[in-house]
Amino acid sequence: MTTQAATGAYEVEHSGPNYIAVFIYLAVLTGIELGVYAMGLPHVAKVGLLIALAWAKAVLVAMYFMHLAMEKKALAIIAIIPVVLVTFLCFMLLPDLTTRMWTKFDHKIKVTNPAEMGANPIAPPPMQVPQK
């Protein structure tokens, strides 16, 4: 009987997040992602929308399932620093990645090696020195 009284004294109303609502939000965002993927949008718009939706889902998971919404502000700052660094590094790599994109496409001018095509390479004529 004393154990019941002891446990009853510590029962407090838990005001945590509504996990079912967060799950429904995540399911709706996943459905929207599938819809964006199925639409005939341009590649850049499709990738941008999918990244934004993935970002929203990651924020929901971090805030409610990882309990960052209920933590102190110092922990939130520690969690945001890697996000800022990753974003900064992605934007720093973007110019390099966009200049290398041309290697994916076929070019109209094909560069060939005549020696591989069966041609006999001919040496250029020797330079003639003018005589005095």
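The exercises below work through a predicted model of a protein, each with a solution in steps.

**Exercise 1. Overall composition**

Task: Describe the secondary structure, the burial and the contacts of the protein.

Solution:
- Step 1. The secondary structure consists of four helices and zero strands. Along the sequence this reads as α-α-α-α.
- Step 2. The protein has 132 residues, and buried residues make up 8% of them.
- Step 3. The surface that the protein exposes comes to about 12200 Å², and 71% of it is supplied by carbon and sulfur atoms.
- Step 4. Take the contacts with a separation of 6 or more: residues 24 or more positions apart account for 54% of them.

**Exercise 2. The salt bridge**

Task: Determine how many salt bridges the model holds, and place the partners in the helices.

Solution:
- Step 1. A salt bridge needs a side-chain nitrogen of Lys or Arg within 4 Å of a carboxyl oxygen of Asp or Glu. By this rule the count is one salt bridge.
- Step 2. The partners are Glu33 and Lys57, whose closest N and O atoms are 3.1 Å apart.
- Step 3. Glu33 belongs to helix H2 and Lys57 to helix H3; with their positions 24 residues apart, the pair links distant parts of the chain.

**Exercise 3. The surroundings of Glu33**

Task: Is Glu33 buried or exposed, and which residues does Glu33 touch?

Solution:
- Step 1. Locate the residue: Glu33 is found in helix H2, which spans residues 19-38.
- Step 2. The cut-off for buried is under 20% relative accessible area. Glu33 has 16% and therefore counts as buried.
- Step 3. Leaving out residues up to four places away in sequence, Glu33 touches Leu50, Leu53, Ala54 and Lys57.
- Step 4. Ala54 also has its backbone nitrogen 3.4 Å from a polar atom of the Glu33 side chain. Lys57 is the salt-bridge partner of Glu33.

**Exercise 4. The aromatic pair**

Task: Classify the geometry of the aromatic pair and state what parts of the chain the pair ties together.

Solution:
- Step 1. The structure holds one aromatic pair. Tyr19 and Phe65 form this pair, at 5.6 Å centre to centre and with 15° between the planes.
- Step 2. Planes under 30 degrees apart count as stacked, and the pair of Tyr19 and Phe65 is stacked.
- Step 3. Because Tyr19 lies in helix H2 and Phe65 in helix H3, the pair ties together parts 46 residues apart in sequence.
- Step 4. Both rings belong to partly exposed residues: Tyr19 has 32% relative accessibility, and Phe65 has 35%.

**Exercise 5. The nonpolar patch**

Task: Which residues make the nonpolar surface patch, and which helix gives the most to the patch?

Solution:
- Step 1. The patch covers about 750 Å² and is made by Tyr19, Trp55, Val59, Val61, Met63, Tyr64, Phe65, Met66 and Val83.
- Step 2. Helix H3, residues 43-65, gives the most, with six residues.
- Step 3. Met63 is one of the patch residues and is found in helix H3. Patch residues need over 30% relative accessible area; Met63 has 31% and is partly exposed.
- Step 4. Tyr19 and Phe65, the stacked aromatic pair, are also among the patch residues.

**Exercise 6. Ala58 and Leu26**

Task: Give the accessibility of Ala58 and how far apart Ala58 and Leu26 are in sequence and in space.

Solution:
- Step 1. Ala58 is found in helix H3 and is partly exposed, at 42% relative accessible area.
- Step 2. Ala58 and Leu26 are 32 residues apart in sequence, while their C-alpha atoms are 9.4 Å apart in space.

Key: Residues are numbered from 1 along each chain as its sequence is written. This is a predicted model: local features need pLDDT of at least 70, side-chain atom pairs count only at pLDDT 80 or more; totals for chains, interfaces and linings use all residues. Side-chain values use heavy atoms; hydrogens and water are left out. Patches are made of residues with over 30% relative accessible area and no salt bridge: like charges are joined within 9 Å, nonpolar side chains (Val, Leu, Ile, Met, Phe, Trp, Tyr) within 5 Å. Accessible areas come from the Shrake-Rupley method with a 1.4 Å probe; for residues, only the protein chains shown count as cover. Helices (H or I, at least four residues) and strands (E, at least two) are DSSP runs, numbered from the N terminus. Buried means under 20% relative accessible area, exposed over 50%, partly exposed in between (1.4 Å probe, protein chains only). A polar contact is a pair of N or O atoms within 3.5 Å; within protein, one must be able to donate a hydrogen and the other to accept it, and residues adjacent in sequence count only if both atoms are side-chain atoms. Contact means heavy atoms within 4.5 Å. Rings of Phe, Tyr and Trp (its six-membered ring) pair if their centres lie within 6.5 Å; planes under 30 degrees apart count as stacked, over 60 as edge-to-face and the rest as tilted.
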